[in-house]
Protein chains: 2
Amino acid sequence: MRVLTKDILQAAKQGDPEITVQGWVHRVRELGGISFVILRDRSGLGQLVFDEKPDLTLESVIKVQGIATLNEKAPGGAEVRVKTLVYLSKAAPDLPYQVNGDPAKVGLETILDHRGLSVRHPRLQAIFRIQATIIEAFGAYLRSQDFIEIKTSKLVGSGTEGGTELFEVDYFDRKVYLAQSPQFYKETMVASGMERVFEIAPAYRAEKHDTPRHLNEYVSLDVEMGFIESELDLIELERGALAYIFEEVARKNSAELALHGASVPSPDMVVKAPVVPYEEAVKLASAEAVKGKGQTARIFDINPEAERFICDWAMREHGSDLVFVNEFPRRYRPFYTYPKDTGDGKAASTMSFDALFRGLEITTGGRRQHDYNAFLETLPRFGLKPEGFGGYLKLLKYGCPPHGGFAIGCERLTQKILGLANIKEASLFPRDRKRVEP
Amino acid sequence: MRVLTKDILQAAKQGDPEITVQGWVHRVRELGGISFVILRDRSGLGQLVFDEKPDLTLESVIKVQGIATLNEKAPGGAEVRVKTLVYLSKAAPDLPYQVNGDPAKVGLETILDHRGLSVRHPRLQAIFRIQATIIEAFGAYLRSQDFIEIKTSKLVGSGTEGGTELFEVDYFDRKVYLAQSPQFYKETMVASGMERVFEIAPAYRAEKHDTPRHLNEYVSLDVEMGFIESELDLIELERGALAYIFEEVARKNSAELALHGASVPSPDMVVKAPVVPYEEAVKLASAEAVKGKGQTARIFDINPEAERFICDWAMREHGSDLVFVNEFPRRYRPFYTYPKDTGDGKAASTMSFDALFRGLEITTGGRRQHDYNAFLETLPRFGLKPEGFGGYLKLLKYGCPPHGGFAIGCERLTQKILGLANIKEASLFPRDRKRVEP
């Protein structure tokens, strides 16, 4: 029966210390005729002691039987005195990537080129253990709020946003596109009577730019909810989801957070995160820019720089890593965003919001136009014709409740929890303009 | 505060029966000047009573305030005597699909053309509520066994199986393909030290045939596990996963199962499901074919007809809806399948298996070749060259534990739990050669 390295100590303390362990050769050290081997398995690191020098290459996979023995100097307080060694997979000696080195000294492209090796380092593996918790907690929270998980097609006849930035697919005798978002489908399922749905699935953007915050393929944590009044209902829902995600990451991944010197916001912080209307947010960002730069910098809209300024402000004034910006002007939002009457006679505002977390937009959301006639009236104002929106019109024509939703970028949230410089670090097999391997 | 229709009875019994309900107009009936409206929301159906005839089209979304009142004759034992009515979304009267009719009388293509309307029927919505439970339970079970959820790219430079049946994608200046399976990636992550991984994601097969058991895009419930001995370890894992899925569906979706007159196997049945080697399974199927057809039908390999015969046998002899067939001949499995020495001198068998459930293959799996040299030696026997397998070779060269895995087709499992005639019924937005809408 295999014992994990984390349980060697327990085995050493019990009556039957003869155990089998399996894993990768992480490090080998010789000392006065004795060999110490650090073995790595999914639970962590453990020490093996060989009386004779074994023929081991780094990263080989081995199975050893031996006696679990207390040793205060060993990692974890115990080690395995090896009796038999079996090679499960001998690693070639020309290792192209130093697994047991410091990943901080390795370039990102090298890390990505060698994913199967680089993720062997506990600090890099920690990223994806945390990401798994994010995905699990997102689903668990939404189920607790009566949401149904759906799976929708990623092959669509046309784009939700009007056809730009789409990857084209040869689909038998015709062309289809990779879905930019499940927007239309999740709205359809809300209107189908499910009322509350979520989806965890890949989304595609054929954007050519290469920035530390963009991926051409990413995991979208998507939500759509019926019978809402405004974007404020969605902000409350996202507060709940994020608070639960952070709680679960803190509970399950404290070791992984520690490897990055990272922490998650407290649920209390998420509850008190401010909601700032767009126009006010622009002013705050401008003031922050002036303060930070000691000059009369001006911010005119919420670009990536402004996102950082707004987050600086939220941290200073509210002690919050998170801030919601709502009421975006119509020109910045998709045509189907529901208008908001802000009482000042301007009909140019919308029931929309972004969530900014530690300087980065991690969510875009809003209430959608659910009224058939209003939708039809809006199209020409955006230079659009009803012909391209047959599916939407059908959706709205036969009973569609007021609704809205949002999406959290899974890799962005992972990136910002851990303070990673580039979003690609938070994707196992990222895709960018140049990279489709491995 | 909104009350769901399922809670009208409770509201009627309590001190404060004035409530708000929201939902879709499912049915309208007039009787002696009084109008009875059946309102549908995500919790089910409830009755509204209007003293005057309201101007309501079927499927309109409304919000009413009224008094919850006990009435033994109403569905659920209570109704809402309406005081105020608000239209949230008036449905046009030219409804192209009769939502409150019997879906059994509607053709599949019509159901799929009108997904946003057809899923409003509780019996069709039940399919996807059960599917959501399958997905949730699959993940929960694997997490309980120390598996990590991963998300891998669906855009790959080449196909795992050698390049056939792939959808081509225009990716900036080059061509990539939609992944047929996460095979290579899940193996990579096992070897990365995660050891045990699972993924829930779309998979793509550019197969031209249109059968009741094939989809061109489906949800694959994928598992990969390190440090296994043979396919029997994987069969045990799948037993556990299926038993838990069935338990959860029985616990959470009894109402949905009842709408289809369906039931799930007991955990006990899953535990005792037989494991039959391929050669024996062929003989059983042949015998069953002779028996069933009263003639000397012969079965030579396990085709869809043979799958049904083997399941007939398993049900009769073992009282089991589920049967595992293992030790497939090498010619039927991918080249990287691990060979099995069955003791009779034939090296032509493999550590592989299928799971057949109620007449349909729902899983293919097996142990993989993890030995670098054996992998290299195998390639030419399949007419393959090492050049196309650089990623695999690198994976195996630097320490890869014995491992294997399987995938459960989510829609197939859904289909067979409910006894649906066509797999497309179990996909919200199925894709076939002709269908990419909605």
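**Exercise 1.** Is helix 13 (residues 410-418) of chain A largely enclosed by the rest of the structure or left open, and why?

*Solution.* The model is predicted. Step one is to list the buried residues of the helix. In helix 13 of chain A these are Cys410(A), Glu411(A), Arg412(A), Leu413(A), Thr414(A), Gln415(A), Lys416(A), Ile417(A) and Leu418(A). Step two is to set the list against the length of the helix: nine of the nine residues are buried, so helix 13 of chain A is largely enclosed by the rest of the structure. Step three is to identify the cover. The elements over these buried residues include helix 4, helix 6 (231-252), strand 11 (217-226), strand 16 (352-357), strand 17 (360-368) and strand 18 (403-409) of chain A. Just past the end of helix 13, Gly419(A) has a positive phi of about 70°.

**Exercise 2.** Describe chain A as a whole.

*Solution.* Begin with the elements: chain A has 13 helices and 18 strands. Then take the extent: its C-alpha trace spans about 85 × 60 × 40 Å along the principal axes. For burial, 52% of the 438 residues in chain A are buried. For contact range, consider contacts in chain A between residues at least 6 apart in sequence; 64% of them join residues at least 24 apart.

**Exercise 3.** Determine how chain A is related to chain B and through which surface they meet.

*Solution.* First superpose the chains. A turn of 180° with a shift of 0.0 Å along the axis lays chain A on chain B with an RMSD of 0.0 Å. This is the relation of a two-fold axis. Next find the residue of chain A that comes closest to the rotation axis: Val169(A), whose C-alpha is at 2.2 Å.

Now count the contacts. On chain A, 72 residues are in contact with 72 residues of chain B. Helix 4 (residues 122-144) of chain A gives the largest share of the side that touches chain B, seven residues. By type, that side of chain A holds 35 nonpolar, 14 polar and 23 charged residues. Finally compare the two sides: 100% of the interface residues of chain A are also interface residues in chain B, so the copies meet through the same surface.

Strand pairing also crosses between the chains. Strand 8 (residues 168-171) of chain A runs antiparallel to strand 8 (residues 168-171) of chain B, and three bridges join them. Within this pairing, Asp170(A) stands opposite Glu168(B).

**Exercise 4.** Work out the layout of the eight-stranded sheet in chain B.

*Solution.* Write down the strand order: 6-10-11-18-17-16-13-12, an open sheet with mixed pairing. Then look at the ends of the order. Strand 6 (148-149) and strand 12 (275-277) of chain B are at the edges with a single partner strand each, so one side of each has no neighbour in the sheet.

Take one pair in detail. Strand 10 (residues 196-204) and strand 11 (residues 217-226) of chain B are antiparallel and share nine bridges. One bridge pairs Val197(B) with Glu224(B) in strand 11. Last, add the packing helices. Helix 4 (residues 122-144) of chain B touches strand 6, strand 10 and strand 11, and its direction makes about 155° with that of strand 10. Helix 10 (residues 304-318) of chain B touches strand 13 (322-326), strand 16 (352-357) and strand 17 (360-368), at about 120° to the direction of strand 13.

Definitions and conventions
Residues numbered from 1 in each chain as written. Chains lettered and ligands numbered in written order. Predicted model: local features only at pLDDT ≥ 70, side-chain atom pairs only at ≥ 80, totals over all residues. Contact = placed C-beta atoms within 7 Å. Helix = DSSP H or I, 4+ residues; strand = E, 2+ residues; numbered from the N terminus. Nonpolar A, V, L, I, M, F, W, Y, C, P; charged D, E, K, R; others polar. Pairing = 2+ DSSP bridges. Buried ≥ 20, exposed ≤ 12 C-beta atoms within 10 Å, placed from the backbone. Least-squares fit on C-alpha atoms with pLDDT ≥ 70 in both. Axes fitted to C-alpha atoms, helices over the stretch in contact; angles between N-to-C directions.
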